[in-house]
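Hi everyone, and thanks for making time today. I'd like to walk you through a structure that may be new to you, so please have a look at it first.

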Amino acid sequence: MITGSPASRLSHAAPDWRAAWRDAVTDPLELLSMVGLPHLAAALPADDAGFAMRVPRGFVARMTHGDARDPLLLQVLPQLAEAEDVPGFSRDAVGDLAARDAQGLLHKYQGRALLIASGSCAVNCRYCFRRHFPYGEEIAAAGAWRLALAHVAADTSIEELILSGGDPLSLATGKLAELTDGLSALPHVRRLRIHTRLPVVLPERIDDAFTQWLEAVPLQKVVVLHANHANEFDGDVDDACRRLRDAGATLLNQSVLLAGVNDDAETLSALSERLFATGVLPYYLHQLDRVQGAAHFEVDDARALALVQAMRERLPGYLVPRLVREEQGEPSKTPL
């Protein structure tokens, strides 16, 4: 007789995720060579425009060889446009620094607190709104999460704890367990939400140790993925998502609307369909956070609204993400 939950019964002999992490491509010249575009080397900015390139090899393998406009490539390849100083774009686009309440803890919205769990990511997306964030000073995991847990314990209005970063899944599973063990003494915390790109760009991370930890967490669990294009999915990503669901997590996705990557209705609709096929519900479509270095990705509001209307005409309502913008000082995301 088979016993145990689905997540605990499944064996997952994927390669060690830490080895795949260490083997990431960090040289833009190597990336261009891998995708058959070495002639684009002259268009690379000096010093990666001040934001180091990093991309897992499995993600590179999903790019179309020889296509300079490949939507996955454009998300990770440094561009000369990143060095331009564009009015209205700043280093702290969403007011993170003003929302700090404790080391690594941001408290912007009623009932929710966000922990900057780690400053590391498996992939450095060129539009990242925290590309200038002072992670060295603001890591909640430092000191066994002590300062962050003390703040959450003292504020009983906090019902949901959000793990962000960087990417929280860059931490060892044992480090994540330190946090959830500490939360066990805080009955007012009911939900754990994890914002992560790793199941998409480094699906090896969702290994047995991780799913066993997640399954044992005695809270409602929400995992918010970050995928911007249907081509980011393959069988390994599907498997990682299945394992997260089997461990009791509700899966949502948030995307960023990016010029040249996903700013057409057909592409956005295909993403929603691909997400739902793997058990993930489209959640937010974000207008670009106006961070310095990302202006070339911006799509104006009129076009964004037209794209969402076109999606409504193509898709059932549950597959149309909410178009939102984050604005400094506002009590919630701003719907458009």
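**A walk through the model**

Let me start with one residue: E178 is partly exposed, with a relative accessible area of 34%. Before we go further, please keep in mind that this is a predicted model.

So what does E178 meet in a salt bridge? The partner is K175, and the N to O distance between the two side chains is 3.1 Å. Both residues sit in helix α7, three residues apart, which is about one turn of the helix. K175 is partly exposed as well, because its relative accessibility is 24% and the partly exposed range runs from 20% to 50%.

Let's stay with α7 for a moment and look at what packs against this helix. Helix α7 covers residues 173-183, and its axis comes within 10 Å of the axis of helix α9, residues 208-216. The two axes cross at roughly 10°, so α7 and α9 are roughly parallel to each other. Which residues make the contact? On the α7 side you'll find T173, L176, A177 and T180, and on the α9 side A209, F210 and W213.

Now let's move along to the other partner of α9. Helix α10, residues 235-246, packs with α9 at an angle of about 30°, and the axes are 9 Å apart. That makes α9 roughly parallel to α10, because angles under 35 degrees count that way. If you want to find this contact on the screen, look for D208, F210, T211, L214 and E215 in α9, which meet R243, L244 and D246 in α10. You may recognise F210, which is also among the residues of α9 that contact α7.

Back to charges for a minute. As a general point, side chains of opposite charge can pair when their charged atoms come close. How many salt bridges are there in this model? The count comes to 18. One of them joins R18 and D16, with the closest N and O atoms 2.8 Å apart. R18 is partly exposed at 44% relative accessibility, and D16 is partly exposed too, at 34%. Another salt bridge brings together the side chains of R290 and E298, at 3.0 Å from N to O. Here again R290 is partly exposed, at 34%, and E298 is partly exposed, at 31%. There is also a network of salt bridges, which links D23, E30 and R57.

Next, a residue in a loop. V55 lies between α3 (28-34) and α4 (57-60). Is V55 buried or exposed? V55 counts as buried, because its relative accessibility is 0%. Leaving aside neighbours within four places in sequence, V55 is in contact with A24, V25, L31, V60, M63, V76, A122 and V123. And here is a distance you can check on the model: the C-alpha atoms of V55 and D27 are separated by 9.4 Å, while the two residues are 28 apart along the chain.

Finally, let's turn to the surface. Which residues form a nonpolar patch there? They are F276, L281 and Y318, and together they have about 290 Å² of accessible area. F276 belongs to helix α11, residues 265-277, and is partly exposed, with a relative accessible area of 42%.

That's the tour, and I'm happy to go back to any part of it.

How values were computed:
Residues numbered from 1 in each chain as written. Predicted model: local features only at pLDDT ≥ 70, side-chain atom pairs only at ≥ 80, totals over all residues. Heavy atoms only, no water. Patch = residues over 30% accessible without salt bridge, like charges linked within 9 Å, V, L, I, M, F, W, Y side chains within 5 Å. Areas by Shrake-Rupley, 256 points an atom, 1.4 Å probe, with all protein chains shown as cover. Salt bridge = Lys/Arg side-chain N within 4 Å of Asp/Glu carboxyl O. Helix = DSSP H or I, 4+ residues; strand = E, 2+ residues; numbered from the N terminus. Buried < 20%, exposed > 50% of the residue type's maximum accessible area, 1.4 Å probe, protein only. Axes fitted to C-alpha atoms, helices over the stretch in contact; angles between N-to-C directions. Parallel < 35°, antiparallel > 145°, perpendicular 65-115°, else oblique. Contact = heavy atoms within 4.5 Å.
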